[in-house]
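Let's walk through this structure together, one region at a time. Keep the model open beside the text and turn it as we go.

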Amino acid sequence: MAPRPETMAAEPVGAVRADLWLWAARFFRTRALAKQAIAGGKVGVNGGPCKPAKTLHVGDRLEVSRGEERFEIEVLQLAEQRGPASVAQTLYRESDESRTAREVAREQRRLAGAVPAPSSRPDKQARRELMRLKARN
């Protein structure tokens, strides 16, 4: 009988691949997405570039960019298996500066998003009105 996800814990491992750890820590939904982000330069280890097969050790510092969010984290535990979110949160510690910067950026995006985007393309009448407005300016 397979162990239930609630009872799984991060097992002690000597070193683990960066793409596998990012997937296990739930930064990316799939391992392929983690590998793609690393290859695209969205992940750095200890101030330098990273490759998907780079081995991570306890104490390594990672900079992860995911969309508009940027995380600066320290690896606390290693895991090769994806478990529940409660276990994944014990694998790393985010720096206070990173957390406050993300909250400030989130608030700025929320305030900037007060103007709703158009739900569809303008029709013929709206296009003509836009052309008239542009011609005036």
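A good place to begin is arginine 26, which sits in the loop between helix H1 (18–24) and helix H2 (31–39). This is a predicted model, so every value below is computed from it. The backbone of arginine 26 has a positive phi of about 65°, although the residue is not a glycine. Most residues other than glycine have a negative phi. How accessible is arginine 26? Its relative accessible area is 36%, and because buried means under 20% and exposed over 50%, arginine 26 counts as partly exposed.

Stay in that loop for a moment, since threonine 30 is also found between H1 and H2. Threonine 30 is partly exposed, at 32% relative accessibility. Its side chain reaches the backbone nitrogen of leucine 33 at 3.1 Å. Looking back along the chain, you will find aspartate 19, 11 residues away from threonine 30, with their C-alpha atoms separated by 9.3 Å.

Now zoom out to the protein overall. It contains 5 helices and 7 strands, and from the N terminus the elements run β-α-α-β-β-β-β-β-α-β-α-α. Of its 137 residues, 28% are buried. The accessible surface comes to about 9800 Å², with 52% of that belonging to carbon and sulfur atoms. Among contacts with a separation of 6 or more, 49% are between residues 24 or more positions apart.

How confident is the prediction? The pLDDT averages 88, and 88% of the residues score at least 70. Over residues 5–10, however, the pLDDT is below 50; this stretch still has 13 contacts in the model beyond near neighbours in sequence.

Next, turn to the sheet. Five strands are arranged as an open sheet in the order E3-E2-E5-E6-E7, with antiparallel pairing. The edges are strand E3 (48–49) and strand E7 (92–94), each of which pairs on one side only. Strands of a sheet pair through backbone hydrogen bonds, either parallel or antiparallel.

Let's cross the sheet from the E3 edge. Strand E2 (residues 43–45) is joined to E3 by 2 bridges, and the two run antiparallel. Valine 45 has glycine 48 as its bridge partner in E3. In the loop between E2 and E3 you meet asparagine 46, another residue other than glycine with a positive phi, here near 50°. Asparagine 46 is partly exposed, at 46% relative accessibility.

Moving on from E2, 3 bridges lead to strand E5 (residues 61–66), again antiparallel. Valine 45 appears here too, standing opposite leucine 62 in E5. From E5, 6 antiparallel bridges lead on to E6, with glutamate 63 opposite glutamate 72 in E6. The hairpin of E5 and E6 has 2 residues between the strands, and glycine 67 there takes a positive phi near 70°.

Where does a helix meet this sheet? H4 packs on it, touching strand E6 (69–75) and E7, and the direction of H4 makes about 165° with that of E6. Two arginines let you look at this region from both sides.

On the strand side is arginine 70, found in E6. Arginine 70 is partly exposed, with a relative accessible area of 42%. Leaving aside neighbours within four places in sequence, arginine 70 is in contact with Glu63, Val64, Ser65, Ser98 and Arg102. Its C-alpha atom is separated by 8.4 Å from that of alanine 101, which lies 31 residues apart along the chain.

On the helix side is arginine 102, in helix H4 (residues 96–112). Is arginine 102 buried or exposed? With a relative accessible area of 15%, arginine 102 is buried, because the cut-off for buried is under 20%. Beyond neighbours within four places in sequence, the contacts of arginine 102 are Glu69, Arg70, Phe71 and Glu94. With glutamate 94 there is also a polar contact of 2.8 Å between the two side chains.

To finish, find arginine 70 and arginine 102 together in your viewer. Arginine 70 on E6 is partly exposed, whereas arginine 102 on H4 is buried, and the two are in contact.

How values were computed
Residues numbered from 1 in each chain as written. Predicted model: local features only at pLDDT ≥ 70, side-chain atom pairs only at ≥ 80, totals over all residues. Heavy atoms only, no water. Helix = DSSP H or I, 4+ residues; strand = E, 2+ residues; numbered from the N terminus. Buried < 20%, exposed > 50% of the residue type's maximum accessible area, 1.4 Å probe, protein only. Polar contact = N/O pair within 3.5 Å; in protein donor to acceptor, adjacent residues only side chain to side chain. Contact = heavy atoms within 4.5 Å. pLDDT = per-residue confidence, 0-100. Pairing = 2+ DSSP bridges. Axes fitted to C-alpha atoms, helices over the stretch in contact; angles between N-to-C directions. Areas by Shrake-Rupley, 256 points an atom, 1.4 Å probe, with all protein chains shown as cover.
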